[in-house]
Structure formats: structure tokens, C-alpha cells
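Reader: Could you take one part of this model and go through it closely, strand by strand? I'd like the neighbours and the edges, and then a helix from elsewhere in the chain.

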Amino acid sequence: MDLTKAVSFNCISWLLANNILNENGSPVEFKDHTFLIDPYLDDSPRQVFRKCAQVGLSTLAILRSFHLAYFAGANIIHTFPSRNMSKDFVVPKVDPLIARNPMIKQLIGIDSVGLKQVGDRFVYYRGSFEQTEAISISAHILINDEYDRSNQQVLKTYRSRLDDAKRERPELGWEWQFSNPSIPGYGVDVLWQRSDQKHWFVKCPHCGYDWYLKFPENIDFERKIRMCAKCFKPLSREDLTNGRWVAKYKERDISGYWISQMFVPWISAEKIIEDSEGDQDIFHNFTLGMPFLSKDTSVTREVILKCLSPGYNPRTNVAIGVDNGVQKHYVIGNKYGIFDLGVTDDWETIERLRNQYNATMVIDANPYPNTPQKLVDKYPGKVYVHYYQPDKRNLGIIRWDMGLVKSDRTKIIDSVVAEINSGDMTFNLTERVLEDYITHWRNIYRMIKVTPQGIKKPHWETIEDRPDHFAHATIYWRIALEQTLGQ
């Protein structure tokens, strides 16, 4: 079957003609969701949605999958960051939508959490945490949900599953990516920058100014309403729904949508103002649908260079942090500053450094815990094995226990990054010596993850395939320093 605009238009006609309900039992409608009409009609093989939260794109993905499976004969893979997230999407969203719509239910054959048969085609719901999720299945269309929070290596494997489909059906082999963004220049933001960059334009009925809504320019904080950025008069709900998509780069072949709560009609300006007063990562990523990198939650080259103080260090009460691996990265310092760092292939060097300074040492337990544990046994009270473990009971960021130390990963990295950014950490080293060290810090970033319960939590990630060992060795050094300071 040739996939033309008629197929997608039939999708909307199909929904409206059959009074399709969403997973909550509400009719699928386009009066308030006018900004979703074009996405429902879009048959571009490459699509990217840099989006805010709670705007109906999950329902769109479900319904378009069913429609394309049945009417266009497409097998579809819909991925999520993990298998649990896939299940937490299917059970509360997909299954109720099927149950509430007899017309859709009659199309369903095989019906499991990970697989829905639609006519004689299939929709696979899969996680992207392990490579095994991506093998033994192929499809004509790949939908990557929560793209930024997925394992990018596994997503590459899923893309390879489209190859057979392209040979069988040259008109297919589609890829769509949906995600709340994380940081600039990563994930969905990279794809968005390569796309035609569609913005939702809203025309002011008072002065005729026609542009997309931005924060804070289009917010009247006193009246708590949206307003025209030119004449400052109110913009109504009707003005928002009468908007239209305008592509910045019409010649590009990736169809890209930026969806922000700034133009979503049922979300009030008051709610947007309240969000803006909270966590800025959450506000930008989930309210504005924009990438965000706070100077307070990242480590830049400039920040580290401002902390340089080459010169004398008494090298007493020394602490050492070691990042475990085939190559062991170490950071050495005391309360006066970090005065040495390096890389070695053998544990003998690590032990020699500990003995040279009679240092307190914290070593990452993984991936090779055997030798670190031997050093713990050999130097009781001076060497500790470290594990990252969430602080769910508010017992403290760092917890010590007989040769073992645990820290809350997000909280301890937040704390160390804050010390570097505030200039409270000193490096008794030169810029030349710190080149690789700086690179490792620049490779990690803070992002917001959403739990299956919808709770937004910060988390530190590493840019795909890039080293971060010196950053973690610094974390372990800072933990060891707590012992030398008696804290």
C-alpha cells in the first residue's frame, strides 16, 4: 500500500468517526489539541519531537501505531529506556485504551504486555537497557520514546532492525523520536537542531504580531496571563488554539516539532509561573520542552582553571580516590588541594601511593572488587571499598561501615560539583597536567529522569562512549577526605 497523506488523514477520520476514547475515557479531540493535527497527519519518515510533559503525545504514538499497523501493514517497535518503563506504559495507557474502544479491540489478536497483534501485523513494546531486548525482531517503523533517557548503544541496534524492512518495503523504514530534552547538544536536541524546526506561531488579535511564545517574554507575571510580547495585551485560549506550525528550515528532511506548555491551552500561565520558581532543570525540560545546562550543575574548563593554585602543598593527612577498572585512575590531595593525579594498569602502584603518604583511600568496588577488598583487609581503617547507593532513608550522603563506604550518587556528585563551582576546591597543579582531567568532567551532565510513578528526579549521566574516570576518582577522593578531616 502506498503511504500518502490520505492514510494519515484517514487516521484522524478514523478516530473521530469511531468516537475513539483515550486511556482515561475522554474522547480524542482536536479543539484544544490543534497543535497535534499536523503530527497526526505527518508521514515524514524521520520525525523528532522535542517536547514538554503531558500534551497527548503518548496517545498519539499508540493510535498512530495501531492505525499504521492495520491500514499500512507496518510492524512497529516502540522503545522505552527500560523494560519496566515499557510495562508501565502498556498497562496503564495502551491496555485501557484498547479496552475502552470496541472497534480497536476487535483488531487485536495476540495481546501481551510486550506485544500487540493488530490485524496481521505487530506492535512491539520494548526496553532499551540491554542489547538482548533488540535482537530477534524487525519492524518497518521505530518509535523511540524518552529518547534522551535511553541507552543510545541499544537504540543503534534497534535501528539495524529496520534494514530488512527497507528491503521489503522501500517506502518504510521510518524513525520517530519523542523526548523531554536534557542538555543542549545531546539526544533529542541534536536531532531537533538537524530538523526543519517547526515552531507554533500565535498571532496577536490586537496588533497582529505573529510569532512563537517564549518565556518570560509572553508572560504577564502580575496578572498571571499570557500576553503579546509586542503590545502586552492578553492572549486568549482561542488565540493559542488558532496557532499554526511554521518551519524554520523548510528544505530539511527531518520533520521536527518543538512542543512547549507556553502554547498548550489547558495549562495556565499561573502554573507555568509556579514551575519557573522551582528546579530549573525540571522547568526547562518538562515545562518549556527545552534543553538546559545549569552552571551550578556542570563543570566547565573555565571553572576548574579558576581553582588552580600551583605551588607548595605539605602533603600531610592525604586522601586518595581510585576509580576501578583495567586502568585505574587516581586523584591525590588533602585539605589544601589536589596535588597529583594519574593512571596506572597495576594495583601495586595504587598500594605504593597509599603507603607513600600513609593515605586514607577510597576505591570504587566495581568492576573488579577482589583486589580492593584485599587492600581493605590489609589496611583496616585506612582503605575503604565504595558503592553508590541511594539515600532513601535520609541517613546521610555518605555512610561508613567497617571498610565499606556508601554514598548517594546524585547527592555526592551535586555536592562535589558545587564545591568546584564555588571555588572551594583547589588544584595545586598546572593547566597542562589537568587536560584529561578537565575532559572527563566535561563528559558528565545532570539530567532529570521520570520514575514510573511520574516523580522527577535528578541523575548524572555520561555522554555516550566518553571517559569520566577522573570525575569519579575525585568523588572518591572527596569522600576519603572526610575521614582525614574527622567528619
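Author: Sure, let's take the open sheet: 7 strands, in the order S16-S15-S14-S17-S18-S20-S19, with mixed pairing. Two strands pair if DSSP finds at least two bridges between them, and strands are DSSP runs of E with at least two residues, helices runs of H or I with at least four, numbered from the N terminus. The edges belong to S16 (337–344) and S19 (398–401); each has a single partner strand, so one side of each lacks a neighbour in the sheet. From one strand to the next the twist averages 20 degrees (axes are lines fitted to C-alpha atoms, and angles run from 0 to 180 degrees between N-to-C directions).

Now zoom in on S17 (residues 360–364) and S18 (residues 383–388): they run parallel, joined by 4 bridges. Valine 362 sits opposite tyrosine 384 in S18.

This is a predicted model, so local features need pLDDT of at least 70 and side-chain atom pairs 80 or more, while totals for chains, interfaces and linings use all residues. Numbering starts from 1 along each chain as its sequence is written, and side-chain values use heavy atoms, leaving out hydrogens and water.

As for a helix, try H3: 12 of its 15 residues are buried (under 20% relative accessible area, 1.4 Å probe, protein chains only), so the rest of the structure largely encloses H3. Among those buried are Leu57, Arg64, Phe66 and His67. Just after H3, glycine 73 adopts a positive phi of about 65 degrees.

Key: Buried means under 20% relative accessible area, exposed over 50%, partly exposed in between (1.4 Å probe, protein chains only).
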